[in-house]
Every structure is written in C-alpha cells, then in structure tokens.
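Biologist: I work at the bench and would like to learn how to read a structure like this one. Could you walk me through it?

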Amino acid sequence: MIKGVFSILIALSAVFAAGCSRVGGGEPKAVLAALDKAGSNRGELEDVLAHYRDDPEKLEAARWLIGNMPSHYNYEGAEIDSMEAVLANLCGFKVNIVIPDDELDKWRNFSYATMKRNDHVRSISADYLINNIDRAYEQWKTRKWNKNLSLEDFCEYLLPYCIGDERLSDWRKIYADHYAAKLDSVYDGDDAVAAAKALLELVYEDGWRYNDQLSTPHRGGDMIMKHKIGFNRDFIDYLIYSMRACGIPVAVDLVLLTPDGYRSHQWAVVRDNVTGRFIPFGCDEMRPDRVNHPRDLRKKGKVYRTSFARQEEHIKRIDEIKSLPLRIVNPYLKDVSDQYFEPNTITVPVVADSREQIYLGLMSLNEWRPIDHGKHIGDSVVFTNIEPGVFYVPLIVDNKYFEPAGDPFVVERDCSVTNLHADTMCVQKIRIMRTMPYISTVIRRLSNDVIGAVIEADVTPDFSSSDTLYTITDTLFLPNCRFLSRNSVRPYRYVRYSAPEGRWLSVAEFEVFEHNDLTGPIDYKVIDKVKYHQDPMYLHDKNPHTNYTVPVGGGSFTLELERESPIGSIFYIPRNDGRFIERGKTYRLEYLEGKEWKAAGTVTAHNDLNYVEFVVPVNALFRMLDLSDHLFVGSPFIYRNNRQVYSVDFGFFNLRP
C-alpha cells in the first residue's frame, strides 16, 4: 500500500515538474496564473479543483488542464453554422463532391479570425471539465492496454477536452456511444496498436467524403460525427475524437509546410504500450503497425507534435527570438523530427549580419516560408534534425518579408550537403515533363484505377462476340496515352471501357480513331444508363482537367460510334492531377540566383510532345511556371541524371526504422 501511494506521488510530481512548482504549499504556479486570468469564471475552475480534493489523480488531471488552459479558445458565430450547412449539403452527393461556385464565392474572402473569440479560461464550465475528466479517467483505468500508461501520458494523449479551436461539445459521449461497443466486439486485447487498428477499420467502414474547398476553424466533434466530410485535418480530428473516446492514447503530428506542396499536412499517432514509440496512421491509408513502420511516402522536412500543454522546451528555444512567425512560435508544438529521421546536425554557409536570425525555409508558391530556425555562428548556420532529400534555403527577415541568406541546399542520404549554386558559365539542355511531382497518393490512385482496365469492341451492344482492343497493364506516368488496337481490321459499332474490379471508373479523355496514327477520328455518344455520373461530354471536351466518373466498383461505359468502322488507335487520358506538360500551353522556367528567380526561357508546348526543353545553368534550383493557368507556380526541383528531381524523387522516406 505504501509503495503504491509512493508511486502515485512520484507520477503526480512529474506532471508538474516543468513550470508548475507549488506556491506556498498551494496550487501550482500555472494553475494560479490561470485562475487570475479567469476573471468572473474563476469560481467555475475553483469548483473543479474542490470537486477532486479527495481524489489525488483526478485532482492532478484537473490542475494539468487548468494550468494549460490559457490561450486555448474557440470561435463563435453564425458563420460556423453556415459553413457546416454548406458541407452538410454535399453529404448527399454521389460524385463531384464540390461546392458550387456561386456558394463558394460567398466564402472566398472570409476570414474566420474576424469572428468572436471565446477564451476557455473565461468561459468553460465546471460541469464540462468534470464530465471530461471523469470519462477520460474511466477509459484510462478500464482499458487493458492502458495498464502501464503513466499519469503524464494520460494527460497528454487521453485527457484534453479539445483538439484546436473547435466549438466545444460532449464529444466523448457521442463517440463512445457510436464506437465503444463496436470496438469491444472486434477487439478485447491489451495492445494499444491493435486496438487503434481495429477502431480505424470501423471508422473506414463508416465512410468519409473528401472536400477541401472551405477554410474553417477546427470543427466540433459533434458536427464531424454528423457530417463526415471535410479535408485531411477534419478526418484526423475525427480519428482523435474516436480514439480518445475509446481510451486509445493518440496525438497529432504535422508538418508546417510540405516540401513538395503548398499546405500543411497532418496525421495521427498512437502511443505503443509495448515499445513506448509513436506509430503513425490515418492518412494515405496508413494502418498502425508495430513491426512494419507505416510510411506515407511524403517528404516532411520537419515534424512537430501538437499538445494541449505548453511546451516549455520549445518556448525556451525561441524565447529570445522576436521575429519568428506564429506557426513556429506556437507554444503547443513539440519538435519530434528525430522520431522520423536519424538525428543530424547540418552546417551551411550564409551571407548575413552576425546579429541576424537565420531560418530554415521552403518555397511556397511565390514566397519563402520558414519551418524552423537555426543557430547563427559567424558566416554559417547550424540546423538540427532535418530530413534528407529536401530542398531548403536559409532565410532572413528583410522588411517583414523572408528572403534567401545563402544558396539553397539539399542533404544527401549520407548527410553530406550539396549546395545548389547556379553555374551560369556552364549550361546544359534539359527536358521538363511536369510542373509538380507525382506524389504517392497520385501514383497509387493511377495504379489502382488503371491497371487491369479493359477496352473492348463489338458490332452489337451486348458484346456477345467482342474483341479486346487493349488491356492496361502498367501505371500511366505519361497521361497522354495512345493505345494501338490489337485488331485494326474488323469494323465495330460499339466500344466498352471497363474499370478494374472493385475500382471506380474516372476518365478525363477518350477518343477513338480509325487509323493507328490518331487520324480518322470517329465521333460517338455514351449510351450508358447510370443514375449517378458526371456529364459524358467530359470524355471528349479536350480538357484533361474534367472527368467522366461512374461511381460503381468495376464500372464501365459504352460508346456507340457514329458509324461502323475499324479502330486503329485510341487516345486516352486517365483522371490525373493536371500538372503534366500540356500541348498548347505556355511555360516559363526559372532558376534561383542569389535572392531572385531568373528566367531561363519561355516556350509553348507542341501538340505532339509531352515535354518542353530549355538551356539552363548547371547545379541550379529550378521551378516551372504555367503561364496559361493563372501563373501557376510549380514546386522547386533540380536536374540530375538527365531528369527532373523533386524532393519526393530522392526517396529514403522516414529513415528511422
């Protein structure tokens, strides 16, 4: 008994070891500070502390929540309900789950930061906190996989009542009522990773509709349960609500800016009760797996973990730096890059005043954005724990804008550094085929939706004596595909395209020609009677960005040709990301020299080519601009081994086993 009490006391003291020391034997400093900030709501917080006066563990949990509550808030306003209504309307759509332009126009320039901000320390009720603590505590004590979960980890990964700035709700009851019994019916073990995997499958069974058109605050757990639609962050929030309501200790890991894209990205991690490691899951179909560490094949640069608690170590690192942007100053972020990549220390030269703060930067559209800061020593800067195979640039702040303070660089697999200094005295001819990289999700979708597809032809619509013109057997990395018919002599009247078994059919362009050199076009009409699909005109509207979709596993479409004719070739474009070189479009290639992007040339793509060519300096960092698409700015890349190399093309993702 004495040993058990002593263990509890050690655990309780660890929770408040940093920044929460007791004052005169009373409450921790952080709790007293929160009470002082609560104003008229102080009594509600004091009622919570009084409620648990005789329950040491729950009292410390309450102190942890209250002590870390300042700066947590949510937005209030009718606009939140209006945004939710817009998303709710999409839930009934079978395909083309997009917000109509006239509706979207109402929200394009709206900033939710203008809405009323509701500070939790000044508004949260005692009943809400007590209900949250009791429900979380019950899951901690009753779930077998939490047998050895410390109080500190309970507070971090099960206890928080909110994820971000969402409107508060009784989400623990809602999600427990929906998932707890289902989870118990499929898993009754003591493995947190196995439990997370089982619950993830239940979530997938419920389905999720993807839409990323609205920029909203975090959505309340009750609303996401009701309307299972949104972008990646919404889905990860849904997972966190589900997991914590069922007693599975989880957190959110994120990148502030993806190296090959323009957005942040996040995923869930579960605390493994066997190894103590955190295993990622929840995005790009990643399942938690202790043995085979899940890898999403995305470059990350730097990885942070979000917390409800203020991260004092992070705050201490940035305390003396006054010019950091909010995304890095965020006191609830913890750098966990060393959990994903082998720890490293990288030194690169810079040209900056010795008093200048140097940041680790990435290019986003047409601006430089920081993802971390470094230690400026003389004419160099030191960065720690950064991912190899990413194009970085050291940055300084000049007149409130970030600009390069040295050459871009890439860390190779062996942690050596390659500085990318454009050599204008030595040039080479290069061939460009894309403005953006192929990311893993695109490659996976192209493979799954295309490999195994069959194109048949017959003289009758029942295809009772059909011939197979072509079977797609490989991923189509060049979207403009010409298929030669296996039988170009026999005349046909009907053509059928069938998707692989179990996959939806989604095709951007489909044209039929009499001859094998794409001459003698044959017009057609789509004669399918599918209830839900996009307009068949998208099959031949000469626009590779529109798609004809049949939302049925293994679906097909049938074409009736305008005349009976032999078929020599087919021009085919699968659904794609639209970032390949398109005929008739005009592109400009730029390379970085010093602080500026310099033009290497402007060309228009010929009708019969899938690439454009330029003469450029050696050892430069490049980017492509699509001048025909609202001046679209592509991701940075280099030219190595006679091909474009984006960050993602380096491979060696997530180097830690």
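Modeller: Gladly; we will go through helix contacts, then strands, then cavities. Keep in mind that this is a predicted model.

Biologist: Let's begin with helices. At what angle do α3 and α7 pack, and how far apart are their axes?

Modeller: To read a helix pair, take the angle and the axis distance together, then look at the side chains. Here α3 (residues 42-51) and α7 (residues 126-142) pack at an angle of about 40°, and their axes are 8 Å apart. The crossing is right-handed.

Biologist: Which residues of α3 and α7 meet?

Modeller: From α3 come E44, L45, D47, V48 and H51. They meet A126, L129, I130 and I133 of α7. Sorted by class, this contact has six nonpolar residues, one polar and two charged.

Biologist: And how do α7 and α9 cross?

Modeller: Helix α9 covers residues 171-186. The axes of α7 and α9 come within 10 Å and cross at roughly 35°. On the α7 side the contact uses Y128, N132, R135 and A136, while α9 brings W171, R172 and K173. The classes here are three nonpolar, one polar and three charged.

Biologist: Now the strands. How should I think about a sheet?

Modeller: Strands of a sheet pair through backbone hydrogen bonds, and the pairing may be parallel or antiparallel. With that in mind, follow the order of the strands and then find the edges. One open sheet in this model has four strands in the order β31-β30-β33-β34, with antiparallel pairing.

Biologist: Which strands are at the edges of that sheet?

Modeller: They are β31 (596-604) and β34 (632-633), each of which pairs on one side only. Strand β34 pairs with β33 (residues 622-626) over two bridges, in the antiparallel sense. For a residue to find on screen, take D626, whose bridge partner in β34 is F632.

Biologist: How many residues lie between β15 and β16 in their hairpin?

Modeller: There are two residues between them. In the turn, N399 has a positive phi of about 55°. The two strands, β15 (391-398) and β16 (residues 401-404), run antiparallel and are joined by four bridges. One pair to look at is V397 with its bridge partner F402 in β16.

Biologist: Finally, the cavities. How many are there of 30 Å³ or more?

Modeller: The count comes to five. For each cavity, check the volume and then ask what lines it. The largest has a volume of about 140 Å³. Its lining has 15 residues, and the closest to the centre are I80, E84, H218, R219 and G220.

Biologist: Which element gives the largest share of that lining?

Modeller: Helix α5 does, with four residues. The elements giving two or more residues are α5 (78-90) and α11 (221-226). By class, the lining of the largest cavity divides into six nonpolar, three polar and six charged residues.

Biologist: What volume does the second largest cavity have, and what lines it?

Modeller: Its volume is about 70 Å³. Among the residues lining the second largest cavity are P259, D260, W368, F391, L621 and S647. Strands β11 (359-364) and β15 each supply at least two residues of this lining, so you meet β15 again here, after its hairpin with β16. The lining has eight nonpolar residues, one polar and one charged.

Note on methods: Residues numbered from 1 in each chain as written. Predicted model: local features only at pLDDT ≥ 70, side-chain atom pairs only at ≥ 80, totals over all residues. Heavy atoms only, no water. Axes fitted to C-alpha atoms, helices over the stretch in contact; angles between N-to-C directions. Left-handed = near helix turned anticlockwise from the far one by under 90°. Contact = heavy atoms within 4.5 Å. Nonpolar A, V, L, I, M, F, W, Y, C, P; charged D, E, K, R; others polar. Pairing = 2+ DSSP bridges. 1 Å grid on protein atoms, 1.4 Å probe; cavity = no way out; pocket = protein on both sides within 12 Å on 5 of 7 lines; lining within 4 Å. Points joined across faces, edges and corners; volume = space filled by probe spheres on them.
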